[in-house]
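Q: Please take a close look at one helix in this model. Walk me through its charged pair and its packing partner.

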Amino acid sequence: MSATNPGARKSSSYKMSGRVFAYSLLLTLQYGAQPLISKRCIRREVIVTSSVLACEVAKVACALFFMARDGTLKKVFKEWTLTGALTASGLPAAIYALQNSLLQISYKNLDSLTFSMLNQTKIFFTALFTFLILRQKQSIQQIGALFLLIIAAVLLSIGEGSSKGSRSANSDQTLFYGIVPVLVASVLSGLASSLCQWASQVKKHSSYLMTVEMSIVGSLCLLASTFKSPDGESFKQYGFFYGWTPLTLIPVIINALGGILVGLVTSHAGGVRKGFVIVSALLVTALLQFIFEGKPPSLYCLVALPIVVSSISIYQKYPYQVKKKEL
């Protein structure tokens, strides 16, 4: 049996690392710019569900286009099975739908600061479920980097939440309708992210196909919710595209491309790396707000910047090393 060429393997590894870096960078920019683009291009009267559903349709179209471009479309759908789709994508999509509902409940019963801080615990739960499901271990340095990232996320949340008003509520309502839902949502976020990583890395499920499947399941859940929601009544009264302009398509398409990138980053780098992307994107948002709106970054943001850079550097530099057993 011929030995594998170490040079070719090393070249392939560098190429994959470069690709992962490019995906992560693009996703960071998309996450960071999305709030400003949406604010400028989507009018207030646009029905939220209509823009979300349009984004899901755009995700499916983009994923099918990329599969057709790289020549995998025919093969993927020839091997497609309902059981495989439900196992790989159905469960994570249902979990994400439940997570979003819990976040909506929590946001209504917590002040912005508390909500944002508790929501950052999803980074920890993603690392935990990645270990439990994929047996993917972290080095001591990487665990330290994760805690640094959570600290930075909390600082950024404080900077964002300090400018928003607090809501008063009794302690029981705050606990059971505010704190508990956001913590359960964080657990579910970590679980769903790890399941997606498991499907793509262990079951070799195409990230593009997962995007298509999850978008379809998510859209069905969203459509079902409109039967009893205010948005459903708005559809009946005003129509699906009420308030839309040609500019509305810009954030919808950019968000759809971001969904494609999320799948690629999770598939190639894992859910924990996606956590680093999301926190880094908060810094990008602060920078863009300063450039385009003249809003200077808060002191918390300036403190968080070197912490984020340090955590990313440490996490990359000190991966977990498998100890060789002595014979």
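A: **A close look at helix α2**

K59 and E56 join their side chains in a salt bridge, with N and O 3.4 Å apart. A salt bridge here is a side-chain nitrogen of Lys or Arg within 4 Å of a carboxyl oxygen of Asp or Glu. Side chains of opposite charge can pair when their charged atoms come close.

This is a predicted model: local features need pLDDT of at least 70, side-chain atom pairs count only at pLDDT 80 or more, and totals for chains, interfaces and linings use all residues. Residues are numbered from 1 along each chain as its sequence is written, and side-chain values use heavy atoms, leaving out hydrogens and water.

Where does the pair sit? K59 and E56 lie three residues apart in helix α2 (residues 48–69), so about one helical turn separates them. Helices (H or I, at least four residues) and strands (E, at least two) are DSSP runs, numbered from the N terminus. K59 and E56 are both buried. Buried means under 20% relative accessible area, exposed over 50%, and partly exposed in between (1.4 Å probe, protein chains only).

Now the packing partner. Two packed helices are described by the angle between their axes and the distance between the axes. α2 packs with helix α11 (residues 249–268) at an angle of about 55°, and their axes are 8 Å apart. Axes are lines fitted to C-alpha atoms, for helices over the stretch in contact, and angles run from 0 to 180 degrees between N-to-C directions. α2 and α11 are therefore oblique to each other. Angles under 35 degrees count as roughly parallel, over 145 as roughly antiparallel, 65 to 115 as roughly perpendicular, and the rest as oblique. The α2 and α11 crossing is right-handed. That means the near helix is turned clockwise from the far one by less than a right angle; anticlockwise would be left-handed.

Which residues touch? From α2 come S51, A54, C55, A58, K59, C62, A63 and F66; from α11 come V252, N255, A256, L257, G259 and I260. Contact means heavy atoms within 4.5 Å. K59 thus appears twice: in the salt bridge with E56 and in the contact with α11. The contact residues divide into 10 nonpolar, three polar and one charged. Ala, Val, Leu, Ile, Met, Phe, Trp, Tyr, Cys and Pro count as nonpolar, Asp, Glu, Lys and Arg as charged, and the others, Gly among them, as polar.
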